[in-house]
Amino acid sequence: MAGRVLLTNARVLTCSGGPDETPIDADVLIEGDRVVRVAPGIGTDSARVVDLRGATVLPGLGDAHVHLSWPLDFVFDHAAVAAAPPGPHMLDVAAVTRTFLESGYTTVIGAGTTQPLDDLLVKDAIDRGLVPGPRVVPSGPMIAEVDGLGGDGEMMEVAANAKELRELVARQCDLGVKALKLFISGDGVVPEFPSDDVYMNDEMLLAAVEEADRHGAFLTVHARGSASVAMAARTGVRIVHHACFLDDEALKALEARRDDIWVCPGLHYLYAMVNGHAGPYGMTPERIEAAGYPEELRSQIEGLHRLRESRIRILSGGDFGHQWTRHGTYAAELQRYVELAGMTPAEAIHTATRNMGPAVGLDLGQVREGFLADLLIVDGDPSTDVGVLLDPGLRRAVMKDGRFAYLNPGLYP
Ligand SMILES: [Zn+2]
């Protein structure tokens, strides 16, 4: 039968288990774009058989805070990217989507574009098979409040009230945007707009959520301070980025929405900044200190422990693409969850797999009957050493929609 693939001699990390799950010995039968069976010793009639010789199969990974707009050589010059000629720029964007796929990432959620249509154009090219890349849940330009961070309108779209915000959301949704990105807090790295600041209000967010919902889209927010996190949670935002500070009120508001809200930390970004990785690019220790980032990192780590205790789902997402958090090193985010937030490797991997499916409304993120066959095949066991996912030499192949989308040229033929 056409379109049947049987992966044999596999160690399968299903990502359907608990935080201590380990790979099981099993074959994986794929029909069309779906996994149809996961079991030892599946018969081999009429399927293309691929012997994995003990390699580990896990779901393709996902990242929920992605800027496809930032080229591989991006050095924080947003204005230059915005002003780049669109033709060459789109080739840069395609190089980024290819890098995600080759890094084992089969799902990405946009967190704001620099040229307005970046996510939409490249998603279309990927879906038509023109360029390699993951499933893209596309974002559009970021949206700011007129008095807030980004409110000068140079890099973001701007709304002053609920009516304007609703119109902006409707306009992006009409173009095909599915993940809207709103700035509702400041960011210590821009001292005039500290992380504790709150922009927009409940009325605006409720209007935006309602409008997005009408279009089958959802809201994601940049929210670093407690008050902004609480506002996001009580108004129906789906993904809260950063959440660096969490007081009791914010935590309670998140708990009340446990089933349909996700927190996406970007922990590695803060870690890298605080540990001097951005020093060569002008982020001096003085600037990092002035941003309040060391305190933010401490607070975020404490908050991640509280979120885990409260069973709030965390989505892996890392804001990658700076030279100090380079494209292709996306799984460093998972490493930080293990090292700093006390997760087991499997639990960290779940933030990029199992938690991703319901967040994007698709059957993905588990190696399981009926689920999409988006799979990553690696040598080694990422459930004992999550660093396995960072090593390109250990990455054998990536499948998307039941087809081999990447084969490591260092290993094959
Ligand atoms: Zn970002």
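A residue counts as buried when its relative accessible area is under 20%, and as exposed when that area is over 50%. The exercises below apply this and other criteria to a predicted model.

**Exercise 1. Decide whether D319 is buried or exposed, and describe its setting.**

Step 1. Locate the residue: D319 lies in the loop between helix 10 and helix 11.

Step 2. Compare its accessibility with the cut-off: the relative accessible area of D319 is 9%, and D319 is therefore buried.

Step 3. Examine the backbone: the phi angle of D319 is near 60°, a positive value in a residue other than glycine.

**Exercise 2. Identify which residues coordinate the zinc ion, and work out how their positions are spaced along the chain.**

Step 1. List the donors: the zinc ion is coordinated by H65 through NE2, by H67 through NE2 and by D319 through OD, at 2.0 to 2.2 Å.

Step 2. Write the spacing: along the chain these donors follow the pattern H-x1-H-x251-D.

Step 3. Add the burial of the ligands: H65 and H67 are both buried, and D319 is buried as well, with a relative accessible area of 9%.

**Exercise 3. Characterise the packing of helix 11 against helix 12.**

Step 1. Take the geometry: the axes of helix 11 (residues 332-341) and helix 12 (residues 345-352) come within 9 Å of one another and cross at roughly 140°.

Step 2. Classify the angle: because angles over 145 degrees count as roughly antiparallel and those from 65 to 115 as roughly perpendicular, helix 11 is oblique to helix 12.

Step 3. Assign the handedness: helix 11 passes helix 12 in a right-handed crossing.

Step 4. Name the contacts: L334, Y337 and V338 in helix 11 meet P345, A348, T351 and A352 in helix 12, and the residues of this contact divide into 6 nonpolar, 1 polar and no charged.

**Exercise 4. Find where S316 sits and which residues it touches.**

Step 1. Place the residue: S316 is found in the loop between helix 10 and helix 11, and at 0% relative accessibility it counts as buried.

Step 2. Collect the neighbours: leaving aside residues up to four places away in sequence, S316 touches G62, D63, A64, C264, E333, L334, Y337, T351, A352 and M356.

Step 3. Relate this to the preceding exercise: among the residues that S316 touches are L334, Y337, T351 and A352, which also take part in the contact of helix 11 with helix 12.

**Exercise 5. Describe how helix 8 packs against helix 10, and then consider E302 in helix 10.**

Step 1. Take the geometry: helix 8 (residues 267-274) and helix 10 (residues 293-309) pack at an angle of about 145°, with their axes 9 Å apart, and helix 8 passes helix 10 in a left-handed crossing.

Step 2. Name the contacts: L267, Y269, L270, Y271, M273 and V274 in helix 8 meet Y293, P294, E296, L297, Q300, I301 and L304 in helix 10. By class, this contact has 11 nonpolar, 1 polar and 1 charged residues.

Step 3. Turn to E302: this residue lies in helix 10, and at 53% relative accessibility E302 counts as exposed.

Step 4. Set it against a residue elsewhere in the chain: E302 and V5 are 297 residues apart in sequence and 44 Å apart in space, C-alpha to C-alpha.

**Exercise 6. State where C15 is found, and whether it is buried or exposed.**

Step 1. Place the residue: C15 is found in the loop between strand 1 (4-12) and strand 2 (24-31).

Step 2. Apply the cut-off: at 1% relative accessibility, C15 counts as buried.

Step 3. Read the backbone: phi of C15 is near 65°, a positive value in a residue other than glycine.

Notes: Residues are numbered from 1 along each chain as its sequence is written. This is a predicted model: local features need pLDDT of at least 70, side-chain atom pairs count only at pLDDT 80 or more; totals for chains, interfaces and linings use all residues. Side-chain values use heavy atoms; hydrogens and water are left out. Axes are lines fitted to C-alpha atoms, for helices over the stretch in contact, and angles run from 0 to 180 degrees between N-to-C directions. Helices (H or I, at least four residues) and strands (E, at least two) are DSSP runs, numbered from the N terminus. A crossing is left-handed if the near helix is turned anticlockwise from the far one by less than a right angle, and right-handed if clockwise. Contact means heavy atoms within 4.5 Å. Ala, Val, Leu, Ile, Met, Phe, Trp, Tyr, Cys and Pro count as nonpolar, Asp, Glu, Lys and Arg as charged, and the others, Gly among them, as polar. Donors are N, O and S atoms within 2.8 Å of the metal (3.2 Å for Na, K and Ca); water is not among the atoms, so sites may look incomplete. Buried means under 20% relative accessible area, exposed over 50%, partly exposed in between (1.4 Å probe, protein chains only).
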